[in-house]
Amino acid sequence: MILNSRETCIAYRCPYCTSGVKSMVGVFSLSGSMKKLKCDCGASELTITHTNDGKLRITVPCLFCQHDHTFTISSKLFFDKELFIYPCPYSGIDLVFLGTPAAVEKALEKSEQALLEMLKEAGIDDIDALHESLETANPYDDEIDGRREYDPSIYDAIMFVIRDLMEAGEISCCCDDGEYDVAVSDDHVKVYCKSCGASKDIPTDSEIFARSFMEVHHLKLERL
């Protein structure tokens, strides 16, 4: 008997050669500790790992930040969405594409046009010129207020856990049906209810806290 395995198409754009890297991923192929999707140029790779609570942690290289971005999503979102796109939170350029092969291919083509238009507007002729400009002026390696170096991957991880909790209905407060939103500061993200004002501050400057927060299943907001 042949079992029909759940599978999805995943793709990213290599920050070195700008090629779209695409592969089908099935639920059985993710049974190991880590899955890697490598570009044919050999310079970049996307990785998928399981978390302890059965979610999937995806790490992808970013052309603009020159840092890897990491986010965590549920297996349901990974396999059941027709199209899910994760953008760079700073440039807005789409980085990861999940969904049906047709939807992913269309999104890849659209992102390529957006990238070309962005380069053209910036007066940059090719990808090598972009790399040179980023190396000489990358804002993400500077200290903030002289206190610390900013690690965007921590912010990414925190935000995707929050969004996953929102989508799963795992944020609560004293309201029967709260409406939740986030406010971003330099060193934390505030999750709050628009109705009752209950909130919780989530630090975004601690890698240790970010790792523990990835295991959170429910977030309870409190009124001060």
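Trainee: In this predicted model, where is Thr18 found?
Mentor: Thr18 has a phi near 65°, a positive value in a residue other than glycine. As for its place in the chain, Thr18 lies in the loop between strand 1 (7–13) and strand 2 (20–26).

Trainee: Does Thr18 count as buried, exposed or partly exposed, and why?
Mentor: The class of partly exposed lies between the cut-offs of 20% and 50% relative accessible area. Thr18 has 24% relative accessibility, so this residue counts as partly exposed.

Trainee: What span should helix 2 (residues 101–121) have, and how far apart are its end C-alpha atoms?
Mentor: Helix 2 has 21 residues, and at 1.5 Å a residue it should span 30 Å. The distance between its end C-alpha atoms agrees with this, at 30 Å.

Trainee: Which residues of helix 2 are buried, and what arc do they cover around the axis?
Mentor: The buried residues of helix 2 are Ala103, Val104, Ala107, Leu108, Ser111, Leu115 and Leu119. They are on the same side of helix 2, because the arc they cover around the axis is only 135°.

Trainee: Which residues are exposed on the other side of helix 2?
Mentor: The buried side of helix 2 includes Leu108 and Leu115. On the other side, the exposed residues are Ala102, Lys106, Lys110, Lys120 and Glu121.

Trainee: How do the residues lining the largest cavity divide into nonpolar, polar and charged?
Mentor: The largest cavity holds about 70 Å³ of space. Among its lining residues are Arg13, Asp94, Phe64 and Leu115. The lining divides into nine nonpolar, no polar and two charged residues.

Conventions:
Residues are numbered from 1 along each chain as its sequence is written. This is a predicted model: local features need pLDDT of at least 70, side-chain atom pairs count only at pLDDT 80 or more; totals for chains, interfaces and linings use all residues. Side-chain values use heavy atoms; hydrogens and water are left out. Helices (H or I, at least four residues) and strands (E, at least two) are DSSP runs, numbered from the N terminus. The expected span of a helix is 1.5 Å times one less than its number of residues. Buried means under 20% relative accessible area, exposed over 50%, partly exposed in between (1.4 Å probe, protein chains only). The arc is that of the directions from the helix axis to the C-beta atoms. On a 1 Å grid over the protein atoms alone, a cavity is a set of points where a 1.4 Å probe fits but cannot get out, and a pocket is an open set with protein on both sides within 12 Å along at least five of seven lines; lining residues have an atom within 4 Å of a point. Grid points are joined across faces, edges and corners, and a volume is the space filled by probe spheres set on the points. Ala, Val, Leu, Ile, Met, Phe, Trp, Tyr, Cys and Pro count as nonpolar, Asp, Glu, Lys and Arg as charged, and the others, Gly among them, as polar.
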